[in-house]
Amino acid sequence: MTTLTPQKPAITQPGGDVTPAPEPRPVPEPRPAQDSAWRELVDAVREAGQYPTRSEAESVTRVVLSALGGHVVGDERVDLARALPEEAARVVASQIPATRPLTAAEFVDSVAARIEGATPATARWDVSSVLSVLPPLVGDELVTRILNQLPPGYALLFGRAELTPAA
């Protein structure tokens, strides 16, 4: 007869043999509520968008960065991920590149489709609330490179005037 200890559960094999269960995998320690740079980014979005809760600002930040991550490619995407807090970088870098570039209006509509109850107007607010806090964080030079990669119309979403060359 086999005696089992409570710390080591057993597995009954076909034929009645009892073997000890495999050692459980160590559970990764829960991360603190992300890194402080991520919290600062979310707080900046919360202030810019005047969101009532940090949770709402964090959700909007994730959705918008996720959408952006699919539209920024190449070196700009790599540099953006490097310049962002670790959690934000993961959100951007985990996206599959879009098959075609979206206009700024289509981009806003795509964000509206990802946020429950959003309208194009509220999604534009959400997108601008997130993207407008990026230039001081990642640098104007990188934002300019990103804007050069995207179709016209995105500059306003980043809080910049959309200047067109004189004819």
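Buried means a relative accessible area under 20%, exposed means over 50%, and partly exposed lies in between, with a 1.4 Å probe and protein chains only. These exercises use a predicted model, in which local features need pLDDT of at least 70 and side-chain atom pairs count only at pLDDT 80 or more, while totals for chains, interfaces and linings use all residues. Residues are numbered from 1 along each chain as its sequence is written, and side-chain values use heavy atoms, with hydrogens and water left out.

**Exercise 1. The aromatic pair**

Find the aromatic pair in the structure and classify its geometry.

Solution. Start with the rule: rings of Phe, Tyr and Trp (its six-membered ring) pair if their centres lie within 6.5 Å; planes under 30 degrees apart count as stacked, over 60 as edge-to-face and the rest as tilted.

Next, search the whole structure, which yields 1 aromatic pair. The ring centres of Phe 107 and Tyr 154 are 5.4 Å apart and the planes stand at 55 degrees, so this pair is tilted.

Now place both residues. Phe 107 sits in helix H5 and Tyr 154 in the segment after H8, so the pair links distant parts of the chain, 47 residues apart. Helices here are DSSP runs (H or I, at least four residues), numbered from the N terminus.

Finally, check burial. Tyr 154 is buried because its relative accessible area is 1%, and Phe 107 is buried too, at 0%.

**Exercise 2. Salt bridges between helices**

Trace the salt bridges that Asp 43 and Arg 62 form, and say which helices they link.

Solution. Begin with the general idea: side chains of opposite charge can pair when their charged atoms come close. The cut-off asks for a side-chain nitrogen of Lys or Arg within 4 Å of a carboxyl oxygen of Asp or Glu. By this rule there are 12 salt bridges.

Take Asp 43 to begin with: its partner is Arg 54, and the closest N and O atoms are 3.1 Å apart. This pair joins helix H1 (residues 36-49), which holds Asp 43, to helix H2 (residues 54-69), which holds Arg 54. Asp 43 is partly exposed because its relative accessibility is 37%, and Arg 54 is partly exposed at 26%.

Then move to Arg 62, which bridges to Glu 87 with the closest N and O atoms 2.8 Å apart. Here helix H2 is linked to helix H4 (residues 86-93), across 25 residues of chain. Glu 87 is buried at 11% relative accessibility, whereas Arg 62 is partly exposed at 25%.

To finish, put the pieces together: Asp 43, Arg 54, Glu 58, Arg 62, Glu 86, Glu 87 and Arg 90 are linked in a network of salt bridges.

**Exercise 3. The surroundings of Arg 114**

Which residues is Arg 114 in contact with, leaving aside its neighbours within four places in sequence?

Solution. First, locate Arg 114: helix H5 spans residues 104-114 and includes this arginine. Arg 114 is partly exposed, since its relative accessible area is 43%.

Second, apply the contact rule, heavy atoms within 4.5 Å. With those sequence neighbours set aside, Arg 114 is in contact with Val 63, Ser 66 and Ala 67.

Third, look at Ser 66: its side chain and that of Arg 114 are joined by a polar contact of 3.0 Å. Such a contact is a pair of N or O atoms within 3.5 Å; within protein, one must be able to donate a hydrogen and the other to accept it, and residues adjacent in sequence count only if both atoms are side-chain atoms.

Definitions and conventions: Helix = DSSP H or I, 4+ residues; strand = E, 2+ residues; numbered from the N terminus.
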